[in-house]
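Got a minute to go through the holes in this model and what sits in them? Let's put each label up against its definition.

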Amino acid sequence: MRKGLFITFEGADGCGKTTQIELLDKYLREKGFDTLLTREPGAKGLGVKLREILLNYDGEVSPVAESFLFLADRAQHVDCIIKPALKEGKIILCDRHTDSTVAYQGYGRNLDLDRINYLNNIATSGLKPDSTIVFDIDVETSMSRVGKNKDRMESAGVEFFNRVREGYLEIAKKEPQRVRVINSSDTIENIHKKVVELVEKL
Ligand code: TYD
């Protein structure tokens, strides 16, 4: 039976979520909570291999094939890492999950959203995050944070990232109970405070 808590962190590349997850992880550990900090794609093992292809393969990649690779990583991650940790009662802090596929492959690559949701559901065997925080930031700022050394996904262009951002805001509109949006153009300390406020309610 499920005992822990599953929180996912989402947003476009360069939104600052990785810094915030690490700060939250430290905060929760200091309070004595048992946490698992993990990520998609590429938490461990097979996922690391899939991540390497997803971020660095330099030939043509079809959007559907790309989706299946992210979904394969997710299925492996849920079955082998997330579910066992939930059973142990851990607080799972997951850097990207199902909403990334909706925002990037659905909105970004223009794939059918119902199909993405259906496939996400298969990859997770129906497991849903208890809560999701989206770090929202304008594309110009996030792209300048990413810098010049871009991986395959980060090289997708400004229009793509505008659609990704729009996608995240739509997801939050559709599921306001689960998904909260934090303005990520504030200082690291202020954003951390907002994250802690949201997580303490859980
Ligand atoms: P990563 O370096 O982990 O990015 P970040 O630090 O911004 O989280 O790279 C993951 C990339 O893969 C990122 O560009 C988002 C993208 N992605 C998808 O397109 N679909 C997905 O389902 C997931 C999980 C990630």
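Q: Which elements each supply at least two residues of the lining of the largest cavity?
A: Strand 4 (131-136) and helix 7 do. This is a predicted model, by the way. Strand 4 has the largest share of that lining, three residues.

Q: What makes a residue such as Tyr-168 count as lining the largest cavity?
A: A lining residue needs an atom within 4 Å of a grid point. Tyr-168 is on the resulting list, along with Gly-11, Ala-12, Val-134, Phe-135, Asp-136, Ile-137 and Arg-165.

Q: How do you know that the count comes to one cavity?
A: The count takes cavities of 30 Å³ or more, and it comes to one. The largest cavity has a volume of about 40 Å³, so it passes that cut-off.

Q: What is the make-up of the lining of the largest cavity by class?
A: It divides into five nonpolar, one polar and two charged residues. Gly counts as polar here and Tyr as nonpolar, in case you sort them otherwise.

Q: Why is the space around the ligand called a pocket rather than a cavity?
A: A cavity is a set of points that the probe cannot get out of, whereas a pocket is an open set. The space taken by the ligand is classed as the largest pocket, so by definition it is an open set. Its volume is about 460 Å³. Of the 25 residues lining this largest pocket, Asp-13, Lys-17, Glu-40, Arg-51 and Arg-96 are the closest to its centre.

Q: What makes up the lining of the largest pocket by class?
A: Ten charged, eight polar and seven nonpolar residues. Helix 4 brings the largest share, four residues.

Q: How do you know that Asp-13 makes a polar contact with the ligand?
A: The cut-off is 3.5 Å between N or O atoms. A side-chain N or O atom of Asp-13 is 2.9 Å from an oxygen atom of the ligand, so the pair qualifies as a polar contact. Arg-74 works likewise, with a side-chain N or O atom 3.1 Å from a ligand oxygen. For Gln-105, a polar side-chain atom lies 2.8 Å from a nitrogen atom of the ligand. As for burial, the ligand taken alone exposes 540 Å², and the protein buries 91% of that.

Q: What makes a residue part of the shell around the ligand?
A: One of its heavy atoms has to lie within 4 Å of the ligand. There are 16 such residues, and Asp-13, Lys-17, Arg-96, Thr-101 and Gln-105 come nearest. Helix 1 (17-30), helix 2 (45-56), helix 3 (63-87) and helix 4 (98-108) each give at least two residues to the shell, with helix 4 giving the most, four. By class, the shell has seven charged, five nonpolar and four polar residues.

Q: Which residues lie nearest the centre of the second largest pocket?
A: Asp-99, Val-102, Asn-117, Glu-175 and Arg-178, out of 16 that line it. This second largest pocket has a volume of about 300 Å³.

Q: Which elements each supply at least two residues of the lining of the second largest pocket?
A: Helix 4, helix 5 (113-124) and helix 7 (158-174). Helix 5 has the largest share, five residues. The whole lining divides into six nonpolar, five polar and five charged.

Methods. Residues numbered from 1 in each chain as written. Predicted model: local features only at pLDDT ≥ 70, side-chain atom pairs only at ≥ 80, totals over all residues. Heavy atoms only, no water. Polar contact = N/O pair within 3.5 Å; in protein donor to acceptor, adjacent residues only side chain to side chain. Areas by Shrake-Rupley, 256 points an atom, 1.4 Å probe, with all protein chains shown as cover. 1 Å grid on protein atoms, 1.4 Å probe; cavity = no way out; pocket = protein on both sides within 12 Å on 5 of 7 lines; lining within 4 Å. Sits in = over half its atoms within 2 Å of the grid points. Points joined across faces, edges and corners; volume = space filled by probe spheres on them.
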